[in-house]
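Work through the exercises below with the sequence and the model side by side. Each task is followed by a solution that proceeds step by step.

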Amino acid sequence: MRRLYELARGRGVLVYWTERLPSGLDGMYFRTDKWWPVIVLSSAMRGRLRSHVFAHVLGHYVLQHKVSVFASPATETGRRAIIQAEAQADRFARLLLHLIHRGIKGREKPPGDPATQRGFHVLEDVAPFS
Ligand SMILES: [Zn+2]
């Protein structure tokens, strides 16, 4: 958890813990042009869920998604983009936690299919903060 916090703060991302997220929402990410990127996490989470949600939301930042919250897109294309973004953030989270667990080694092959390659380059980018 401390490691995730350091990665976020090292990138200038503000991290807040709160009990006030709506029920069913464990974490969110957003940024504006005028302020630092922000991650908000539910302080009610524990253990592996907490790490996964933190890493997932951090993934939205690293992958340069605009927001992490579902916004009821009007079009099928919009829906597909959100589903794809959520899958990317999940893949990023699994990979990041895997690397943290093993001690980040930037050159190591990522687990899973070759499609994770893109996320892996992103991780090499964050590796200097290890
Ligand atoms: Zn998400």
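The exercises move from the whole chain to the sheet, the core and single residues.

The structure is a predicted model, in which local features need pLDDT of at least 70 and side-chain atom pairs count only at pLDDT 80 or more, while totals for chains, interfaces and linings use all residues. Residues are numbered from 1 along each chain as its sequence is written.

**Exercise 1. Confidence**

Task: Establish in which element confidence is lowest and in which it is highest.

Solution: Begin with the average, which is a pLDDT of 79 for the chain, with 74% of the residues scoring at least 70; pLDDT is the predictor's confidence in each residue, from 0 to 100. Next, compare the elements: confidence is lowest in helix H4 (residues 117–126), with a mean of 43, and highest in S1, at 94. Then look at residues 113–130, where the pLDDT is below 50 and where the model has 24 contacts beyond near neighbours in sequence, a contact being a pair of residues whose C-beta atoms, placed from the backbone, lie within 7 Å. Where pLDDT is low, the predicted coordinates should not be read in detail.

**Exercise 2. Order of elements and the sheet**

Task: List the elements from the N terminus on, and then work out the order of the strands in the sheet.

Solution: The chain has four helices and three strands, taken as DSSP runs (helices H or I, at least four residues; strands E, at least two) and numbered from the N terminus. Their succession is α-β-β-β-α-α-α. The three strands form an open sheet of mixed pairing in the order S1-S3-S2, where two strands pair if DSSP finds at least two bridges between them. The edge strands, each pairing on one side only, are S1 (14–18) and S2 (27–30). Now take the two pairings in turn. S1 and S3 run parallel and are joined by five bridges, and Val15 has Ile39 as its bridge partner in S3. S2 and S3 (residues 38–42) run antiparallel and are joined by four bridges; here Gly27 is partnered by Leu41, and Tyr29 by Ile39.

**Exercise 3. The two faces of S2**

Task: Decide which side chains of S2 are buried.

Solution: The criterion is the number of other C-beta atoms, placed from the backbone, within 10 Å of a residue's own: 20 or more is buried, 12 or fewer is exposed, and anything in between is partly exposed. The side chains along S2 alternate, so that Gly27 and Tyr29 point to one face and are buried, whereas Met28 and Phe30 point to the other and are not.

**Exercise 4. H2 and the nonpolar core**

Task: Check whether the span of H2 agrees or disagrees with its number of residues, and find what H2 gives to the largest nonpolar core.

Solution: The expected span of a helix is 1.5 Å times one less than its number of residues. The 16 residues of H2 (residues 47–62) should therefore span 22 Å, and the end C-alpha atoms are 23 Å apart, which agrees. The buried residues of H2 include Val53, Phe54, Val57 and Leu58. A nonpolar core is a set of buried Ala, Val, Leu, Ile, Met, Phe, Trp, Tyr and Cys residues joined through C-beta atoms within 7 Å. In the largest one, with 19 residues, Ile39, Phe54, Val57 and Leu58 touch the most other members. The elements giving two or more residues to this core are H1 (2–10), S3, H2 and H3 (76–102), and H2 gives the most, with seven residues. Leu58 touches Leu4, Leu7, Ala8 and Ile39, not counting residues up to four places away in sequence.

**Exercise 5. Gly47 and Arg31**

Task: Say whether Gly47 is buried or exposed, and do likewise for Arg31.

Solution: Gly47 has its place in H2 and is exposed, because 8 other C-beta atoms lie within 10 Å. Its C-alpha atom is separated by 9.1 Å from that of Met1, 46 residues apart along the chain. Arg31, in the loop between S2 and S3, counts as partly exposed because it has 18 C-beta neighbours inside 10 Å. Arg31 touches Pro37 and Val38, not counting residues up to four places away in sequence, and the C-alpha atoms of Arg31 and Lys66, 35 residues apart along the chain, are separated by 6.7 Å.

Key
Contact = placed C-beta atoms within 7 Å.
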